[in-house]
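Colleague: I would like to learn how one reads the interface between two chains in a model such as this one. Could you take me through it step by step?

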Amino acid sequence: MTRASLLLIAALRRTAGGLLLLVGASFVIYITIRSAPGDAIDAISPMGTPPEVKAKLMAEFGLDRDPLTGYVAWLSRSAVGDFGESLVFAPGATVMDVGLPAFERTLALAGLALAACLVLALLGALLLGRPHPRQQLVTGPLYFVTAAPSFVVAVLFAQGMNWFVHTYVEQGGYETPPWYPIPIYSESWMPYLFAGIVLVAGDGLFTDFLNAVRAELQGLRNAQFIAAVRAKGARTVSHIARNMVVPLVSGYAARLPIVLGGVVIVEYIFTLDGAGYLLLEAARERDFPIVVGLSVLFTATIIVVNLLADIVRALVDPREVARGG
Amino acid sequence: MSAPLLAVDDLVIEFDTQAGRRRVVDGVSFGVAEGEVLGILGESGSGKTMSTLAVLGLVAGNPGVMGGSIKVFDDGQPRELLEGLGRVIKRRGDKPARKNDRRWQRLVFRRMKPLWGRVMTAVFQNPRHSLDPLMTVGAQVEESVRLAEPALSKAEVGARAVDWLARVQMTDPSRVHGSYAHELSGGMCQRAMIAVALARRPRLLIADEPTTGLDTTVRAEIVALFKELLADRGRSMLYISHDIREVLYLADRVIVMRHGRIVEEATAADLKAGVGRRDPYTASLLAAAELPVGQQGAA
Amino acid sequence: MEAKAERLGLWSSGAVVAVVLLLGVVAPFVAYDPASAVDYDQQLVGPSAAHWFGTDGQGRDVAIRLLKGIEAFFLPGLLAGLAATTLGALAGAIAGYAEGWVRSAVLGLMQLIDTLPRLVFIILVCTILNPSISLIAGVAAVLFVPNIATVVRRKVEALASEDYILAHIAHGFRPTRILLYHIIWLQCRPLLIRQATYVFGYVLFVETALSYLGDYGVQEPTPSWGNMVAQTRELAGAAPWPWLFPALAIVITISGFLAFGNLLARREEEALR
């Protein structure tokens, strides 16, 4: 068989695997709903929900049937993007109407922040070069600082900002500078930038990525085939770059779940109008269809990104296809 | 005697281990002349691979090369690789203590850059890891061809690459051209690697245990291939091996290394014929290979 | 130099771990009544001899609340670390050793758990079930099983073809003994140590994050580092100590445990070589 057809088969197989995972993950989410103590419908509906809404919820989540057929009913609705209607947050609107635009913003924030993190890690690794004992004196404290949870980083950041604003106002500026991100909600992109910075710096994401990229780069520089390329007098850059694609793509996909968790925290702190903020608000007010709908969207994103990463790996690395995974 | 290509003098290589500083190459001197095949024979840990990697400028840090001189002759012009090395070695008392690996590497790489490939290149042990896993074998041979003959057109480069693959006796060169390293056997990978190295048309080919890890029959084939390629165009070569038969078969002159020192230097003809006094270690190697030992004792 | 820097790291992070463990053991024996600790004459007093870390907005001593706050995550964190590594090692051993459908089933299950976005899933669980720190720790433990199982499985698969393991098989050792003792216990211990400290740190992280994000986690007036940090964040500029000290405690504990796990694991790995 030709390489192209093998690649196609691998891609199809992986897509099927991804779909299977999505079904499985949605089943886990559904079973979690069914495992609520007492009457599941009471657990998932807000206080004072009228009985007819409760009945509708029961039907939507298949709570009136046994878990399996209930799941099938719920899945067949969710599969076409019908997660029901919002109860409290935006009564009457469908979950997708409320959730999808917010989710798009969140995805842009998380995706771009992680991409920035990747670029910075790569630059840092190139700049720092080979690990050197004395560098531990620098990277050690750096690790310490960035192991700080994102909410700690965010508050420190906000305090720093406040201090800036104070001096700004004292110097005769207007109440707050136009770029001030916290806590005013605005349509500007500034708060997103600051949220992105906290996202990159917090939870040890950057240091973790930097260490991984450095180790990968170091291993590659010491690799025998790079020595062979060097010995024949060719430039090693293109060989190293090509061989870095797979670890970078894998590293990106592997860290996405962490960033999608961090984005929830960051959106809450910076009051950004994204899916993370929506998720927390909906959870607080027990707007259950939104919570479940967003959970499924988050999970689906992780699966899709991993699938894309798999396909990129298969395209770049011929061994992946040969393994037939 | 023909013009020299390589002259190594009093080379010292050290490494830090948990048991302290260890000298893996201890004052080794050897040279290769144009058209000559020098064999370096020694067991693993004798320092033979380290010496050759140092010649290529590829010994990584952790002290590494600590002294000596390596001259590479580029059209008769000597290029000293280790000149100014003293600047990056920090001394404690009068003993060399540490060296600044990064500065050292930058220095050596800059000097090696015009020499790599054109003057000398290498075939390493472990052929599977010598080829870029993400590039087809053909593309890697083509890379060498383009470097050696920049004037060729794209089609000519492709044809030349297939030609090289045929010359290293690949059974199906055009298929191998489009294959990746993981799709080939170890022996085929080594043939491909030899094609990559030779397509670069180096003055000196360094073969560092090119048969290690291959099956016995494949080893014989690779050694025969080297012999044929040598006969083909009178190429100079530095051939490193722990197998005395391979070395005697290919080399004009042989040095034997043990514990980081040279214990014996002789022509292959003398060794084969059992002429002259032999070091006990060389004698034991000859005896083990059922070759005539000759006289023992310090030569 | 390298060894020295590493030893320094190991000792300092080891000291952090030791102090946290010691305080965690001592804390339950310290009597503390959150209600009677309130003292409105002593609001937001800075650090002094009487109040080492100052007092919070209700005049409560920050130092003692920090000490009692350890209780909130200490035991759940330890148990979660233990549970996650045990389950992960078992799942990894099974996936690495078994063949056919058993292997596929375990791998599939691991992959399934691994696709759940951790924090989002924990929030979902907390909205459905009664949120408590034990529940959070339990869910976190399960969510970390695939991570651990993957590293253990790779190790098992890599070792399965090693000569000495083959020799053990040839000597007639029982496979379970080889798997559990020679492979998991002797070879995977560094990996497991690293993962256990990671899970412990994650439980602390989730507890604090959830206190921050909503009213999950430990409820007032019982102190936890999470609710201490969450309640005082508005004051962090004017009166930093009630926020700063718990925040520092969180950062130091998490990074201390992570660094200790990493360095200890690296040392053991070197010893294995």
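Modeller: Let us begin with polar contacts, bearing in mind that this is a predicted model; between chain A and chain C the count is one residue pair in polar contact, with both residues at pLDDT 80 or more.

Colleague: Which elements of chain A supply at least two residues each to the side that touches chain C?

Modeller: On chain A, that side draws at least two residues from each of α1 (3-34), α6 (136-146), α7 (150-170), α11 (237-269), α12 (275-284) and α13 (288-316), and α13(A) gives the most, with eight residues.

Colleague: How is the side of chain A that touches chain C made up by class?

Modeller: Sorted by class, the side of chain A facing this contact has 33 nonpolar, eight polar and four charged residues, while the rule finds zero salt bridges across the interface of chain A and chain C.

Colleague: What area is buried between chain A and chain C, and how many residues are in contact?

Modeller: The area buried between the two chains is about 3700 Å², with carbon and sulfur atoms giving 78% of it, and the contact involves 45 residues of chain A and 39 residues of chain C.

Colleague: And how should I read the fold of chain A itself, in terms of helices and strands?

Modeller: Chain A has 14 helices and zero strands; of its 325 residues, 49% are buried, and among contacts between residues at least 6 apart in sequence, 72% join residues at least 24 apart. The accessible surface of chain A comes to about 14600 Å², and 68% of that belongs to carbon and sulfur atoms.

Technical notes:
Residues numbered from 1 in each chain as written. Chains lettered and ligands numbered in written order. Predicted model: local features only at pLDDT ≥ 70, side-chain atom pairs only at ≥ 80, totals over all residues. Heavy atoms only, no water. Contact = heavy atoms within 4.5 Å. Buried area = accessible area lost by both parts, 1.4 Å probe. Salt bridge = Lys/Arg side-chain N within 4 Å of Asp/Glu carboxyl O. Polar contact = N/O pair within 3.5 Å; in protein donor to acceptor, adjacent residues only side chain to side chain. Helix = DSSP H or I, 4+ residues; strand = E, 2+ residues; numbered from the N terminus. Nonpolar A, V, L, I, M, F, W, Y, C, P; charged D, E, K, R; others polar. Buried < 20%, exposed > 50% of the residue type's maximum accessible area, 1.4 Å probe, protein only. Areas by Shrake-Rupley, 256 points an atom, 1.4 Å probe, with all protein chains shown as cover.
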